[in-house]
Amino acid sequence: MLDAILGKVRSVLYWFSFVAMMVMLVTIFAQVITRYGFGYTPEWSEELARYLFVYVVFLGSALIMGESGHLSVEFLPNHFKGTFVGKLLKLLTLVCGYLFVAILLTQGTKMVQVMTFQESPGLEISMSYIYAVIPVSATLMLLYLIRDTIRFVKGEDVKHEEVHS
């Protein structure tokens, strides 16, 4: 059931990333044209591109975590695969993942609360909407960690998810 939910989440994240990147491309292109062609740049265009980039980075990090696609050194885990030391290394990796996600979730939530009263100058939206991506991505990472933990406890290898869905 968790795999089915995460499969749908993965599809949504892919589409969001694609659309956000296209909007960033069009916005930056329009910004360059208006700046050099007309001597005018809309105040909101740079902010929109920057905030979309932040969303793509954080949500993309969660997505890549779900696909086990982050850069990692696999020499020791591969060398000790199937042994007690290998299982201990995997457990250590999961614990470190949970610690990272816990910090990201708690500090991200604090940032959302602190930024509630600040407004972005160009888009005139609450900065808490921008910072909200931190706890959202941490929650997604937590779901992927739970899935990997369940697989670890069952004795299954953590599968590398298909990149294209």
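Here are some exercises on the structure above, each with a worked solution. Keep in mind that this is a predicted model.

**Exercise 1. Find out how confident the predictor is across the protein, and which elements have the lowest and highest mean pLDDT.**

Step 1: Start with the whole protein. The average pLDDT is 89, and 93% of the residues score at least 70.

Step 2: Now go element by element. Helix α3 (residues 75-79) has the lowest mean pLDDT, 78. Helix α5 (residues 127-131) has the highest, 95.

Step 3: Look for a weak stretch. Over residues 161-165, pLDDT stays under 50. The model has 13 contacts beyond four places in sequence for this stretch.

**Exercise 2. List the salt bridges of the structure and say where the partners sit.**

Step 1: Get the count. There are 3 salt bridges in the structure.

Step 2: Take Arg151 and Asp3. Their side chains form a salt bridge with an N to O distance of 3.2 Å. Because Arg151 belongs to helix α6 and Asp3 to helix α1, this pair ties together parts that are 148 residues apart in sequence. Arg151 is buried at 5% relative accessibility, while Asp3 is partly exposed at 43%.

Step 3: Move on to Arg50 and Glu46. Here the N to O distance is 3.1 Å. Both residues lie in helix α2, 4 residues apart, which is about one turn of the helix. Arg50 is partly exposed, at 41% relative accessibility, and Glu46 is partly exposed too, at 46%.

Step 4: Finish with Asp148 and Arg147. The closest N and O atoms of this salt bridge are 3.1 Å apart. Asp148 has a relative accessibility of 8% and counts as buried; Arg147, at 3%, also counts as buried.

**Exercise 3. Work out how the rings are arranged in each aromatic pair, and where the paired residues lie.**

Step 1: Count the pairs. A search of the whole structure turns up 2 of them.

Step 2: Check Trp15 and Phe18. Their ring centres are 5.9 Å apart and the planes make an angle of 85°. Planes over 60 degrees apart count as edge-to-face, so that is the label for this pair.

Step 3: Place this pair. Trp15 and Phe18 are both in helix α1, 3 residues apart, or about one turn of the helix. Trp15 is exposed, with 57% relative accessible area, and Phe18 is partly exposed, with 45%.

Step 4: Do the same for Phe16 and Tyr55. The centres are 6.3 Å apart with 55° between the planes, and the pair is tilted. Phe16 lies in helix α1 and Tyr55 in helix α2 (residues 43-66), so this pair ties together parts that are 39 residues apart in sequence. Both are partly exposed: Phe16 has a relative accessibility of 32%, and Tyr55 has 21%.

**Exercise 4. Is Leu25 buried or exposed, and which surface patch does Leu25 help to form?**

Step 1: Locate the residue. Leu25 sits in helix α1 (residues 2-38).

Step 2: Compare the value with the cut-off. Exposed means over 50% relative accessible area. Leu25 has 54%, so Leu25 counts as exposed.

Step 3: Look at the company Leu25 keeps. Together with Trp15, Phe18, Val19, Met21, Met22 and Val23, Leu25 forms a nonpolar patch on the surface. The patch has about 690 Å² of accessible area. You've already met Trp15 and Phe18, the edge-to-face pair.

**Exercise 5. Decide whether Ser137 and Thr27 are buried or exposed, then name their contacts from beyond four places in sequence.**

Step 1: Find Ser137. This serine lies in helix α6 (residues 133-154).

Step 2: Apply the cut-off. Buried means under 20% relative accessible area. Ser137 has 0%, so Ser137 is buried.

Step 3: See what Ser137 touches. Leaving out residues up to four places away in sequence, the contacts are Phe58, Leu59, Ala62 and Leu104.

Step 4: Repeat for Thr27, which is in helix α1. The relative accessibility of Thr27 is 9%, so Thr27 counts as buried.

Step 5: Name the contacts of Thr27. With neighbours within four places in sequence set aside, Thr27 is in contact with Trp44, Ser45 and Leu48.

Terms used. Residues are numbered from 1 along each chain as its sequence is written. This is a predicted model: local features need pLDDT of at least 70, side-chain atom pairs count only at pLDDT 80 or more; totals for chains, interfaces and linings use all residues. Side-chain values use heavy atoms; hydrogens and water are left out. Helices (H or I, at least four residues) and strands (E, at least two) are DSSP runs, numbered from the N terminus. Buried means under 20% relative accessible area, exposed over 50%, partly exposed in between (1.4 Å probe, protein chains only). Contact means heavy atoms within 4.5 Å. Patches are made of residues with over 30% relative accessible area and no salt bridge: like charges are joined within 9 Å, nonpolar side chains (Val, Leu, Ile, Met, Phe, Trp, Tyr) within 5 Å. Accessible areas come from the Shrake-Rupley method with a 1.4 Å probe; for residues, only the protein chains shown count as cover. A salt bridge is a side-chain nitrogen of Lys or Arg within 4 Å of a carboxyl oxygen of Asp or Glu. Rings of Phe, Tyr and Trp (its six-membered ring) pair if their centres lie within 6.5 Å; planes under 30 degrees apart count as stacked, over 60 as edge-to-face and the rest as tilted. pLDDT is the predictor's confidence in each residue, from 0 to 100.
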